[in-house]
There are 4 protein chains.
Amino acid sequence: MNVIDTVPSPVHLTAEAAPGQPEPTPALEQLYRGFEQEMLVPLWTQIGDLMPLHPKSKAGAHLWRWDRLVQLAEEAGRIVPVGRGGERRAIALANPTLGGRPFATPTLWAAIQYLMPGEDAPEHRHSQHAFRFVVEGEGVWTVVNGDSVRMSRGDFLPQGGWNWHAHRNAASKPMAWIDGLDIPFAYYTESQFFEFGRESLSAAERIQPEYSRSERLWAYPGLRPVSQPGEQPATPLLAYRWVDTDRALNEQLALEAEGCAATLSPGHAAVRYTNPTNGRDVLPTIRTEMHRVRSGARTQTRREVGSSVFQVFDGQGTVTVGDRQWQVRRGDMFVVPSWQAFSAQCDAGQASLDLFRFSDTPIFEAVHAYRVQIDAA
Amino acid sequence: MNVIDTVPSPVHLTAEAAPGQPEPTPALEQLYRGFEQEMLVPLWTQIGDLMPLHPKSKAGAHLWRWDRLVQLAEEAGRIVPVGRGGERRAIALANPTLGGRPFATPTLWAAIQYLMPGEDAPEHRHSQHAFRFVVEGEGVWTVVNGDSVRMSRGDFLPQGGWNWHAHRNAASKPMAWIDGLDIPFAYYTESQFFEFGRESLSAAERIQPEYSRSERLWAYPGLRPVSQPGEQPATPLLAYRWVDTDRALNEQLALEAEGCAATLSPGHAAVRYTNPTNGRDVLPTIRTEMHRVRSGARTQTRREVGSSVFQVFDGQGTVTVGDRQWQVRRGDMFVVPSWQAFSAQCDAGQASLDLFRFSDTPIFEAVHAYRVQIDAA
Amino acid sequence: MNVIDTVPSPVHLTAEAAPGQPEPTPALEQLYRGFEQEMLVPLWTQIGDLMPLHPKSKAGAHLWRWDRLVQLAEEAGRIVPVGRGGERRAIALANPTLGGRPFATPTLWAAIQYLMPGEDAPEHRHSQHAFRFVVEGEGVWTVVNGDSVRMSRGDFLPQGGWNWHAHRNAASKPMAWIDGLDIPFAYYTESQFFEFGRESLSAAERIQPEYSRSERLWAYPGLRPVSQPGEQPATPLLAYRWVDTDRALNEQLALEAEGCAATLSPGHAAVRYTNPTNGRDVLPTIRTEMHRVRSGARTQTRREVGSSVFQVFDGQGTVTVGDRQWQVRRGDMFVVPSWQAFSAQCDAGQASLDLFRFSDTPIFEAVHAYRVQIDAA
Amino acid sequence: MNVIDTVPSPVHLTAEAAPGQPEPTPALEQLYRGFEQEMLVPLWTQIGDLMPLHPKSKAGAHLWRWDRLVQLAEEAGRIVPVGRGGERRAIALANPTLGGRPFATPTLWAAIQYLMPGEDAPEHRHSQHAFRFVVEGEGVWTVVNGDSVRMSRGDFLPQGGWNWHAHRNAASKPMAWIDGLDIPFAYYTESQFFEFGRESLSAAERIQPEYSRSERLWAYPGLRPVSQPGEQPATPLLAYRWVDTDRALNEQLALEAEGCAATLSPGHAAVRYTNPTNGRDVLPTIRTEMHRVRSGARTQTRREVGSSVFQVFDGQGTVTVGDRQWQVRRGDMFVVPSWQAFSAQCDAGQASLDLFRFSDTPIFEAVHAYRVQIDAA
């Protein structure tokens with residue numbers, strides 16, 4: 001079975017006169033030809049790109065307008081069926097600096113998913129971690145391991161890897177929501193598993209309960225069922241309802257007004273969705289948060305290792321990402337690349353600017369590579 | 001500062017008649033044009049590539065012969081100076097399936113580094129984790145935070161991120177060794193920091209002690225200095241000497257012969273280099289091990305999530321990676337991509353086949369994505 | 001400063017003819033006199049007591065009736081003032097097998113505390129972990145680090161060690177509740193710290209808010225404030241309200257009726273109070289739970305390493321502890337010593353038997369000494 | 001089976017006129033009689049004893065002289081056989097302030113064990129964690145789960161709970177060593193399990209290998225067998241040899257002399273015995289260390305939560321514990337109670353004062369109750 005390597009070399013090296021580079025000579029050219037033939041690349045020609053003083057993101061900041069996303073999703077709803085093979089009517093953000101791949105950032109997938117009345121997206125499971133977030137609408141139930149979970153505006157629905165899931169639109173209107181996954185991370189590191197499930201849901205799974213079994217077991221402040229001991233890598237709670245999130249954010253701002261330390265900075269409240277079995281992030285690779293910036297307030301300017309995707313949940317304001325700046329409104333989505341300065345300001349006339357955020361921070365925390373820097377005001 | 005997006009779209013979509021795909025129609029073509037304009041990509045055209053049933057590595061298996069690596073490194077030693085800017089005379093393996101980039105695997109960097117007599121590689125530090133492994137030769141001291149560490153055949157020298165380090169060849173002959181780092185992982189996830197250090201070492205750092213201070217503090221079985229409490233993300237022990245590694249491997253085989261469970265499988269001993277402050281891997285992102293296959297023995301066939309780089313330390317044998325197979329000898333290096341079946345067999349006439357291995361396994365363990373499968377014999 | 005030891009020996013040894021014992025001889029007697037003089041005790045005379053085949057609790061099962069506890073607390077309310085020095089009008093359960101000390105079990109303190117209208121218990125702090133549980137009544141606010149926390153029937157109020165706290169009865173009626181602490185554990189292991197606080201509360205602390213600041217920050221299912229990162233040894237949530245506990249227990253029984261695994265055993269629901277920063281017990285040394293046994297149902301019979309104290313919160317039933325059995329009703333308290341078989345049965349005519357339980361289990365889990373055994377039905 | 005409680009009350013309360021105490025009146029006396037009848041004790045009479053400002057150890061400092069220990073052990077060797085039932089010829093330190101029980105401190109057992117030539121101590125196992133330390137002599141092998149482990153001067157031999165073990169004196173002379181266990185902790189918290197093993201060892205277990213299998217697998221600096229993954233609560237390494245301990249201590253003092261931070265304080269080196277699977281203490285409940293104080297040097301004065309037992313391994317010096325002070329020499333044993341100030345000084349004429357120490361610190365660290373205070377010089 002001895003196979004001979006005959007791959008043409010993709011390595012191309014050029015001897016150039018430059019600071020820190022060896023002098024271009026015929027001997028150097030010959031050396032570089034040898035490198036190319038043997039599939040080798042020297043550090044000295046690449047170090048500036050590979051080892052910058054701080055992350056210089058290739059992934060650029062970019063904004064997608066919600067009205068255009070919905071418009072195209074509706075059009076897809078009319079002409080693209082949902083079924084086995086394609087699996088989902090999901091349309092992903094393709095960061096223009098990432099080569100046309102459906103990657104919002106180097107590690108994160110973000111897509112709008114769209115389901116017509118009566119449609120089912122078939123059951124499958126995959127090792128990639130996922131969540132759904134609902135910026136508007138209702139009527140779809142996601143069925144995770146047979147547990148039907150209602151999806152309504154403001155709800156956050158995490159779903160750890162390798163759980164069976166299908167979606168069902170039980171309403172008379174189409175519904176759109178966003179999906180977030182770690183598909184690019186798993187793709188790049190080559191760690192994906194996938195399995196097809198049943199073609200259709202059982203009658204018992206086609207019900208539309210107000211609350212899922214997971215919520216009835218787990219959705220209590222600081223209480224857990226004694227029958228479910230131990231730590232689980234991904235949260236067993238399948239829905240985090242808007243009513244709780246909204247109340248938590250309001251209380252932070254109220255506490256701040258009473259003189260208590262509760263917000264991240266004046267006028268900037270934020271909650272993190274967590275796994276009740278360990279108090280950590282809901283998913284091993286994805287952090288998820290809801291931020292509320294009070295009328296007229298502005299967040300601190302932060303740089304963080306790792307990338308984020310935001311969706312405006314409510315209100316209007318201005319966001320600044322590195323040297324880009326956008327006026328944003330409900331549903332708009334944008335990415336903040338690694339180590340780019342980010343801040344957000346709520347328009348004065350608005351009650352608040354609510355921003356849903358997800359990021360790859362848990363990956364960096366897990367390998368002790370996370371850093372954050374808050375710029376002086 | 002409102003900037004208008006005028007990036008030409010890198011997204012290119014083609015409507016094709018295929019199972020699981022929507023029927024190509026003018027409406028579909030129009031939809032795809034809309035996607036391209038808005039920087040969107042549907043899941044249904046990409047799912048097979050993004051979400052395979054199991055990892056289908058794009059990174060291929062590949063072998064580099066040590067004699068060619070050394071030959072080219074010697075040539076570089078003659079014509080490429082070492083100094084500030086280029087920083088190191090390091091020549092990296094460029095996996096031909098990874099586009100000509102100096103990446104041995106999607107996450108791992110592997111290079112031969114070469115230092116002429118009397119040369120110093122200047123001080124710097126970076127967030128990327130690194131190690132050196134010495135397949136032959138001696139005479140270089142690596143100076144980590146002012147601690148001079150001898151490098152000799154069989155020694156393994158880890159160096160956690162963000163530690164100052166320089167190298168100095170104090171001998172009268174050139175010396176080559178290999179470097180392993182997580183440069184591709186940090187590059188892809190955009191999490192790199194770098195800082196230049198002093199131009200030259202002090203007189204006190206130019207000594208050549210037999211044992212580094214780190215060894216004198218930490219290189220004892222199960223003992224730690226009470227003055228250094230707590231857990232450290234990367235090992236404080238800067239050298240793992242061959243004499244210990246060799247003895248540990250021999251004892252495993254001897255214990256196996258006495259009927260005790262000590263080896264991974266019959267004739268296959270293996271030790272892992274660990275961080276004495278927590279018993280885990282020496283570096284948060286890189287696992288390192290030495291394997292010994294007894295004369296005539298063959299390892300089990302394993303598939304693992306994540307990629308590995310091997311270097312033959314001693315002996316001769318046959319290694320099989322997926323559908324590739326090579327006869328290998330001292331110094332040869334090869335990569336095992338994610339989920340490709342790997343086994344190694346020691347030639348009958350050899351005492352043993354010793355394989356140094358490093359892998360990105362800690363990343364997957366940290367995010368609960370690791371899987372391993374041992375094929376039936 | 002050389003002091004001469006002149007303590008009379010407390011060691012008393014008797015040579016006895018018994019299996020496993022050396023033959024009583026004058027030489028043995030002389031040896032035992034030598035042991036006594038040198039403060040020594042041989043293993044061979046003690047091993048049966050020190051190293052039994054399984055825990056043979058010296059602490060016996062015991063029951064305290066709530067009506068008697070309240071009666072005596074009321075009497076104390078009339079004649080014993082509350083103030084600096086005595087600190088609290090707390091009356092502790094003294095397990096009769098523990099020598100008259102105020103220890104409910106070898107590790108746990110349980111007391112009824114009683115506050116007259118308008119009374120304040122002065123501020124102090126201690127390293128011992130504590131909680132309050134309210135079986136009936138209302139009107140007292142506990143003030144923890146300046147945060148006023150309402151106490152009402154069914155509420156559970158944990159308070160980690162070394163937090164300042166005072167109590168204030170703002171109502172027109174006396175109020176009783178129970179305190180649980182790890183006082184015996186800290187006493188025996190000699191690890192206690194204590195500090196007196198201010199003599200009186202400020203006006204701002206004398207308010208009676210419906211919800212404490214801690215609840216407004218932390219009492220949400222799976223949400224945590226981003227401004228409070230990291231893990232805390234004791235829960236930051238100062239009140240777990242009955243409405244949540246009751247609902248969680250009801251839902252477990254409802255889910256069981258629907259065929260889902262949610263209860264500990266048929267008809268036996270249970271929730272554990274947990275620390276939202278890590279999903280573990282609210283206090284590092286004390287586990288707290290609420291159990292509900294459905295009408296006519298009976299729990300499994302369990303033996304566990306470590307001791308528990310129970311209080312009947314509601315309903316009536318029969319509890320069995322080792323060879324003791326009691327008919328119990330609201331407020332009754334009893335202890336279950338280590339490794340004694342425990343079960344509870346709800347009377348048929350009752351809606352349910354609700355049992356509040358606290359135990360020292362976290363200590364054993366922390367040192368890997370926990371065991372549990374469920375007897376065959 | 002309803003049993004009526006008829007235990008006579010061990011509670012005895014006396015109304016006394018004292019600060020912080022209620023005024024003695026007939027009503028108070030009547031209340032106290034009620035408390036006694038109902039097995040209740042008020043906090044206000046006990047708080048000074050239960051909740052001191054800092055630990056006020058009831059366990060006193062005490063010293064046992066090695067020559068007397070050995071003398072009595074020899075005598076026991078002559079007249080007390082070793083066998084099933086008594087199990088071990090172990091003679092325990094009974095701290096005179098702990099009521100004549102064989103408890104060196106509230107949590108720790110310390111004993112001299114003595115085995116005559118040719119004697120076997122029979123096999124058993126128990127949940128209590130144990131270790132042996134050899135201050136002098138040789139010739140005994142401890143057999144742990146069938147692995148024969150040599151015991152020689154300076155060796156430390158830990159043995160986690162629930163492992164089978166026997167001891168065998170294969171030499172022509174008696175041998176003494178010390179045992180340390182957490183017997184008092186397990187006794188007080190009622191968490192002990194015990195099982196008798198085989199009556200005699202097999203021929204294969206009666207060998208006297210230089211190194212145990214556990215050492216051949218685990219006794220390497222920073223290396224672990226890949227065949228033994230994961231974390232283990234107690235160390236799998238069954239012997240920590242003096243040659244390593246001695247070298248580590250010498251190197252710390254040498255590094256200090258070279259200007260490097262390696263010692264705890266000037267002239268005071270210390271190593272901790274650790275579990276190579278997690279870098280933590282060898283046993284979940286017992287910390288073990290070897291300290292070396294250089295000629296003429298003096299340690300800092302420390303107070304720590306929890307208790308320690310020391311044995312002088314070599315040299316002579318003065319130790320100060322609270323208000324006690326002793327001149328000590330090889331083999332002498334003493335206890336340092338919780339929060340008592342401890343320091344040690346090496347006599348000027350001695351090479352060094354070597355102190356073996358074990359303590360219950362891991363228990364307090366596990367429940368977040370540990371504190372340490374270093375007194376100003």
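Good morning. I begin with the contact between the two chains: between chain B and chain A there are 24 residue pairs in polar contact, with both residues of each pair at pLDDT 80 or more. On the side of chain B that touches chain A, the residues comprise 60 nonpolar, 25 polar and 14 charged. Please bear in mind that this is a predicted model.

How much area is buried between chain B and chain A? The figure is about 8800 Å², and carbon and sulfur atoms give 68% of that. Three residues, B:Tyr188, B:Glu190 and B:Phe193, contribute 9% of what chain B buries against chain A, more than any other three residues. As for the residues that take part, chain B brings 99 to the contact and chain A brings 99.

Charged pairs also occur here. Two salt bridges are found across the interface of chain B and chain A. One salt bridge joins the side chains of A:Glu38 and B:Arg68, with a distance of 2.8 Å from N to O.

The chains are linked through their strands as well. Strand β3 of chain A, residues 90-93, pairs with strand β1 of chain B, residues 40-42; the sense is antiparallel, and there are three bridges. Within this region, A:Ile91 has B:Pro42 of β1(B) as its bridge partner.

I now turn to the interior organisation of chain A. Its three domains are domain 1 (3-50), domain 2 (62-218) and domain 3 (242-375). For domain 2 and domain 3 of chain A, the C-alpha centres are 23 Å apart. In the contact between them, domain 2 of chain A contributes 36 residues and domain 3 of chain A contributes 33. Together these two domains of chain A bury about 2800 Å², with 71% of it on carbon and sulfur atoms. Which three residues supply the most of the area that domain 2 of chain A buries against domain 3 of chain A? They are A:Leu108, A:Arg153 and A:Phe156, with 20%.

Between domain 2 and domain 3 of chain A there are three salt bridges. A:Arg65 and A:Asp332 form a salt bridge in which the closest N and O atoms are 2.6 Å apart. Polar contacts between domain 2 and domain 3 of chain A number twelve residue pairs, both residues at pLDDT 80 or more. Several elements of chain A each supply at least two residues to the side of domain 2 that touches domain 3, among them α3 (66-79), β4 (109-115) and β11 (175-181). By class, that side of domain 2 of chain A holds 21 nonpolar, nine polar and six charged residues.

Note on methods. Residues are numbered from 1 along each chain as its sequence is written. Chains are lettered from A and ligands numbered from 1 in the order in which they are written. This is a predicted model: local features need pLDDT of at least 70, side-chain atom pairs count only at pLDDT 80 or more; totals for chains, interfaces and linings use all residues. Side-chain values use heavy atoms; hydrogens and water are left out. Contact means heavy atoms within 4.5 Å. Buried area is the accessible area (1.4 Å probe) that two parts lose on being put together, summed over both. A salt bridge is a side-chain nitrogen of Lys or Arg within 4 Å of a carboxyl oxygen of Asp or Glu. A polar contact is a pair of N or O atoms within 3.5 Å; within protein, one must be able to donate a hydrogen and the other to accept it, and residues adjacent in sequence count only if both atoms are side-chain atoms. Ala, Val, Leu, Ile, Met, Phe, Trp, Tyr, Cys and Pro count as nonpolar, Asp, Glu, Lys and Arg as charged, and the others, Gly among them, as polar. Two strands pair if DSSP finds at least two bridges between them. Helices (H or I, at least four residues) and strands (E, at least two) are DSSP runs, numbered from the N terminus. Domain bounds come from an automatic or database domain assignment.
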